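These are my notebook entries on a structure that I went through by topic. The structure comes before the entries.

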Amino acid sequence: MSVVIRVEGISKEYRYGAINNTRLYRDMQSWWAQVRGKEDPWTEIGKESTFGRKDRFWALKNVNFEVNAGERLAIMGANGAGKSTLLKIMSRITAPTEGRIKIRGRVASLLEVGTGFHPELTGRENIYLNGAILGMKKVEITKKLDEIVAFSELEEFIDTPVKRFSSGMYVRLAFAVAANLDSEILIADEVLAVGDAKFQRKCLGKMHDVSEKQGRTVLFVSHNSEAVLNLCNRGIILDHGVENYIASDIKDVVARYNDMTKDQ
Amino acid sequence: MRDTKMQPEAPWDLIIEPSHNLFELRLKELYQYRELIGLLIRRDFVATYKQTIMGPLWFFIQPIMTSVMFMFVFGNIAKLGTDGIPQPMFYYSGTILWTYFAHGLTQNANTFNANGQLFGKIYFPRMAVPISYWAMEVITLLIQFSLLLVFYFYYLATGFSFHTNWWILVVPLLILQLGALGVGLGIIISSWTTKYRDLKQLLTFGMQFWMYCTPIVYPMSKVPQKWLWVYEINPVAPIIEMFRYSFLGSGSLPLGSWLISLAVSSIILFLGIVIFNRNERTFIDFL
């Protein structure tokens, strides 16, 4: 089997708390107070000034794993375990502090559906815009337009500005675009939290399909054990930024994850 | 976990690393996303004029209103003069050039704040946004320029003679230069507006101040000797002068200061690209 994603010692460091006072003049006042040895005017009474402090923490620390072509990998972990940070690094939204990720093939990430939609544009226009943001060519989108519209079940509304769409319609259209994109790797983060149960099942089914039939690789982040069991065939658990468990039997992973969360 | 049984495989398509080359433009990637740039331009264009009564007529209404105001205040009340150029042409040309520069600057200064939502969720070459902003401004300028030509031929027909000369050939370069200066400065400022929101307010005032330090509402000939140094350090001034000299045949040829301004504009654009490259990958952590 060929490796399509190799994560090598990925770490990401963030700063604690507020970065600054968000206003330049406030930072200047803080700085001026510091220079004179006075109290920071922008600090809460009784607290120490955070200005210029470099408190940092590791959201991810030395994570290593590989994903083979056609695998459906679940990334599990409690809130704050570093799942989203990992996906953000993989989708090139933020850069890692250390380590490398090597990827083979095109990545489509669905960190949140419907981003890049412009409310004034119609459903059809937004399909093209969103497709282009995801890296599709115009001809590709035209070829898949019918499929996308059919999947979203929005035939009658496709020429209406999306600002008049309900949030459910919005999500359906967005998922339809991303799921029909010819990418080798699909990254999905809690996308199924929105939309009704029927559409959620449809999305899971679609992700299963693209993996089984087209050999695409799926990375799926979720808290939902049932959805993970249905979709994925391998899993990894993150715990406080550290890779805690990795197994090729998804049942083991889910059982372990359930154990972990029960203790807390 | 590292693979020990490495077999020869296809090369990696993408390697994500902590830092990358700051001087790299990654034009190939931008070219792959050219359709996105086109769609972003279209998006801004359509979204601005959808659900307005006048629609694209706003391209002309804005500069015309501003010019009429300038004619009234600076031409007829303050009587600052126009070096013999018909007032409508003088103020209109100044207005559209300044707006082109100022919009390029302020829009790009706000790139990360305005697109944070999008940038935070999805990857595409971030440079597509400044490019689409700039392209939109160029298109706007060209459309507005057509009205200037109408004025030009109208005044020619009524017997006015412009001393248009061969320097008119550098006008496209002037437009590029003015764009580079605006976009470059905007990008440099954008790296601070992500951290400090109040810079945006400061910028509005700053741009107004800058406009009055540039010969937009008055000709260079009206500037007192002791203030001329301001125009020497203002890189926009020679561009405007150059345009008026070549196209309308007024003022004098500011060759020396224009060449300096050309160098300054190039350096600023270059700096802007370097800063953008450094910021685009981590700014999202600061928003």
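How much area do chain B and chain A bury between them? I find about 4,700 Å² buried between the two chains, with 58% of it on carbon and sulfur atoms. I note at the outset that this is a predicted model.

**Entry: the interface**

I looked up which residues make the contact, and chain A supplies 58 residues while chain B supplies 46 residues. I then looked for charged pairs and found 3 salt bridges between chain B and chain A. Polar contact between chain B and chain A comes to 9 residue pairs, both residues being at pLDDT 80 or more. On the side of chain B that touches chain A, the elements giving two or more residues are β1 (14-16), α1 (27-32), α2 (34-49) and α6 (116-119) of chain B. The largest share on that side comes from α2(B), which gives the most with 8 residues.

**Entry: charged pairs across the interface**

I took B:Glu29 and A:Arg92 next; their side chains form a salt bridge at 3.5 Å, N to O. This pair joins two chains, because B:Glu29 belongs to helix α1 of chain B and A:Arg92 to the loop between α2 (83-90) and β4 (98-103) of chain A. I asked whether each partner is buried or exposed. B:Glu29 has 15% relative accessibility and therefore counts as buried. A:Arg92 is at 26%, so I enter A:Arg92 as partly exposed.

A further salt bridge brings the side chains of A:Arg100 and B:Glu17 together at 3.2 Å, N to O. I also looked at a charge over a ring: A:Arg104 lies over the face of B:Trp12, 4.0 Å from the ring centre.

**Entry: salt bridges within chain A**

Over all chains, my search of the whole structure gives 14 salt bridges. Among them is the pair A:Glu212 and A:Arg72, whose side chains meet at 3.2 Å, N to O. A:Glu212 sits in helix α6 of chain A and A:Arg72 in strand β3 (residues 72-76) of chain A, so this salt bridge ties together parts that are 140 residues apart in sequence. I checked the accessibility of both residues. A:Glu212 counts as exposed at 54% relative accessibility, whereas A:Arg72 is buried with a relative accessible area of 6%.

Which residue forms a salt bridge with A:Lys202? I find A:Glu153, with the closest N and O atoms 2.6 Å apart. The pair links distant parts of the chain, 49 residues apart: A:Glu153 is in the loop between α4 (138-152) and α5 of chain A, and A:Lys202 is in helix α6 of chain A. A:Glu153 has a relative accessible area of 30% and is partly exposed. A:Lys202 is likewise partly exposed, with a relative accessible area of 28%. Salt bridges with shared partners join A:Glu8, A:Arg100, A:Lys102 and B:Glu17 into one network.

I returned to A:Lys202 for its ring contact. The charged end of A:Lys202 sits over the ring of A:Phe151, at 4.6 Å from the ring centre.

**Entry: aromatic pairs**

I count 27 aromatic pairs over all chains. One of them is A:Phe175 with A:Phe199, which is edge-to-face at 6.3 Å centre to centre, with 85° between the planes. These two rings link distant parts of the chain: A:Phe175 lies in helix α5 (residues 167-179) and A:Phe199 in helix α6 (residues 197-214) of chain A, 24 residues apart. Both A:Phe175 and A:Phe199 are buried.

In chain B I examined B:Phe160 and B:Phe162, a tilted pair at 4.9 Å centre to centre and 55° between the planes. B:Phe160 is partly exposed at 28% relative accessibility, and B:Phe162 is buried at 10%. Ring pairs draw B:Phe160 and B:Phe162 into a cluster with B:Phe145, B:Tyr152, B:Phe153, B:Tyr154, B:Tyr155, B:Phe243 and B:Phe247.

**Entry: chain B overall**

I recorded 12 helices and 1 strand as the secondary structure of chain B. The strand comes at the N-terminal end of the element order, and helices follow. The C-alpha atoms of chain B fill a box of roughly 85 × 45 × 40 Å along the principal axes. Of the 287 residues in chain B, 52% are buried. Among contacts in chain B between residues at least 6 apart in sequence, 79% join residues at least 24 apart.

How values were computed
Residues numbered from 1 in each chain as written. Chains lettered and ligands numbered in written order. Predicted model: local features only at pLDDT ≥ 70, side-chain atom pairs only at ≥ 80, totals over all residues. Heavy atoms only, no water. Phe/Tyr/Trp six-rings, centres within 6.5 Å; stacked < 30°, edge-to-face > 60°. Helix = DSSP H or I, 4+ residues; strand = E, 2+ residues; numbered from the N terminus. Buried < 20%, exposed > 50% of the residue type's maximum accessible area, 1.4 Å probe, protein only. Lys NZ or Arg CZ within 6 Å of the ring centre and 35° of its normal. Contact = heavy atoms within 4.5 Å. Buried area = accessible area lost by both parts, 1.4 Å probe. Salt bridge = Lys/Arg side-chain N within 4 Å of Asp/Glu carboxyl O. Polar contact = N/O pair within 3.5 Å; in protein donor to acceptor, adjacent residues only side chain to side chain.
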